[in-house]
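Trainee: I'd like a close look at one part of this model: how its strands are put together. Please follow that through to whatever else shares residues or elements with it.

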Amino acid sequence: MTFADIQGFAIDLDGVIADTAKFHGQAWRQVADKVGTEWTEELADSLRGVSRMDSLELILKAGGHENDYTQEEKEKLAEEKNDNYLELVKTLTPNDILPGMKKFLDEAKAKGYHLALASASKNGPTILKYLQLGDYFEGRVDPAKLKKGKPDPEIYLQAAEIMNLDPVHVAGIEDAQSGVESINRAGEISIGIGKNLKDADVKFNDTSELTLDALAKKLG
Ligand code: B16
Ligand code: MG
C-alpha cells in the first residue's frame with residue numbers, strides 16, 4: 001500500500017481529535033472506586049476505544065467483581081459514568097482539539113479526501129459540537145447500531161461504506177490498540193497515534209506530527 005492509495009480517512013474521536021480519554025478515565029475511576037477495583041494506568045489504557053458496557057465489564061473483571069452485579073445494576077453504573085463524563089466534557093471548546101488536527105482535517109478536506117468519523121462513542125455528536133467540528137465529516141458510524149465494537153472490523157468497514165470507498169482506499173486513524181486491530185482487520189491502512197501501537201502500518205508520536213506530507217513520506 002502507498003500514500004496514493006488513500007482516498008479517504010476514517011477518524012477516531014477520543015484520543016485522536018480531542019483528549020477526551022482523560023475525561024473517560026476520570027469518570028470511570030469514580031465507578032472503579034465505587035465497585036472496589038483498583039485504578040491503574042494499565043486499566044485506564046485498556047479502556048481506550050472500548051464501548052461503554054465492555055469498559056464496565058473490564059473494570060469489574062479487573063477487581064474480581066464480574067459476578068457481583070445484575071444487568072440492571074450494571075446499566076445503572078454505566079449511566080452514572082456517562083452522567084459524570086457529560087459533566088466533565090462541558091468544558092470542551094475548539095481550543096481542546098488536539099494539536100495539528102484542525103489543520104490536518106482542513107488540508108485533507110481542501111485536497112478532496114473523504115472524511116468519516118469512526119468513534120465508538122455514543123457521545124460523538126455532542127463532543128464534535130463542543131469542538132465546533134460538527135460539519136467536518138460527510139458521515140459518522142452510529143455506534144448504537146454496531147453488532148460488535150472495536151477490535152471487530154465492523155466500525156471501520158461501515159466508515160468505508162459511508163464514504164463509498166473500497167476499504168483499500170481508506171486510512172484509519174487511531175490512538176487505541178483495539179482500534180488499530182479493527183482497521184487492520186477491515187483491510188485498511190492503519191495510522192497509529194501514540195504509544196503501544198505496534199501493529200499500526202504507520203506511527204506518529206502525537207497528532208502534531210500528523211500531516212499529509214509526513215504521511216506520504218512514511219508510506220511512500
Ligand atoms: P461512550 P473512540 C471510545 O471512543 C472511547 O475511547 C472509549 O473510552 C469509550 O468507552 C467509548 O468511546 C464509548 O464512549 O461511553 O461515550 O459511548 O476512541 O472510539 O472515539
Ligand atoms: Mg480513541
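Mentor: Before anything else, a word on pairing: two strands count as paired if DSSP finds at least two bridges between them. Strand 1 and strand 4 meet that cut-off, with four bridges in the parallel sense. Keep in mind that this is a predicted model.

Now the whole sheet. Six strands make it up, in the order 3-2-1-4-5-6, with parallel pairing, and the sheet is open. The edges belong to strand 3 (139-140) and strand 6 (202-204); each has a single partner strand, so one of its sides has no neighbour in the sheet.

Let's start from strand 1, residues 8-11. Besides strand 4, strand 1 pairs with strand 2 (residues 114-117), again parallel and again over four bridges. Gly8 is a handy residue to click on, with a bridge partner on each of these strands: in strand 2 the partner is His114, and in strand 4 Val170. As for the side chains, Gly8 and Ala10 point one way from strand 1, while Phe9 and Ile11 point the other way. All four of these residues are buried.

Step across strand 4 and you get to strand 5. Strand 4 (residues 170-174) and strand 5 (residues 189-193) are a parallel pair with four bridges. Two residues let you check the register: Ile173 is opposite Ile191, and Glu174 is opposite Gly192. Strand 5 has an alternating look too. Ile189, Ile191 and Ile193 point to one side, and Ser190 and Gly192 to the other, with every one of them buried. Because five of its five residues are buried, strand 5 is largely enclosed by the rest of the structure.

The magnesium ion (ligand 2) is worth finding next. Its protein donors are Asp12 (OD), Asp14 (O) and Asp175 (OD), at 2.0 to 2.2 Å. Along the chain, the donor residues follow the spacing D-x1-D-x160-D. Asp12 has 3% relative accessibility, so it counts as buried. Asp14 also counts as buried, because its 15% falls under the 20% cut-off.

From the metal site, Asp175 leads you to the second largest pocket, about 460 Å³ in volume. Its lining has 20 residues, and those nearest the centre are Asp45, Arg48, Asp175, Ile193 and Lys195. So you meet Ile193 of strand 5 again here, a residue we just listed as buried. Helix 2 and helix 8 (177-185) each put at least two residues into this lining. By type, the lining splits into six nonpolar, eight polar and six charged residues. Domain 1 (3-18 + 96-219) and domain 2 (21-89) each contribute at least three of them.

The largest pocket also draws at least three lining residues from each of those two domains. Its volume is about 710 Å³. The residues closest to its centre, out of 37 in the lining, are Leu47, Gly49, Val50, Ser51 and Ser55. Four helices each supply at least two lining residues: helix 1 (21-35), helix 2 (41-46), helix 3 (52-62) and helix 4 (71-88). Helix 1 gives the most, with six. The lining here comprises 11 nonpolar, 11 polar and 15 charged residues.

Last, go back to the strands and look at the loops that run to or from them. Between strand 5 and strand 6 you'll find Asn196. Its phi is near 60°, which is positive for a residue other than glycine. At 56% relative accessibility, Asn196 counts as exposed. Gln132 sits in the loop between helix 6 (124-130) and strand 3. Its phi is positive as well, near 55°, and Gln132 isn't a glycine either. With a relative accessible area of 59%, Gln132 is exposed. On the other side of strand 3, in the loop that runs between that strand and helix 7 (154-162), is Pro151. The peptide bond leading into Pro151 from Lys150 is cis, and its omega is near 15°.

Technical notes. Residues numbered from 1 in each chain as written. Chains lettered and ligands numbered in written order. Predicted model: local features only at pLDDT ≥ 70, side-chain atom pairs only at ≥ 80, totals over all residues. Heavy atoms only, no water. Donors = N, O, S within 2.8 Å, 3.2 Å for Na, K, Ca; no water. Buried < 20%, exposed > 50% of the residue type's maximum accessible area, 1.4 Å probe, protein only. 1 Å grid on protein atoms, 1.4 Å probe; cavity = no way out; pocket = protein on both sides within 12 Å on 5 of 7 lines; lining within 4 Å. Points joined across faces, edges and corners; volume = space filled by probe spheres on them. Nonpolar A, V, L, I, M, F, W, Y, C, P; charged D, E, K, R; others polar. Domains from an automatic or database assignment.
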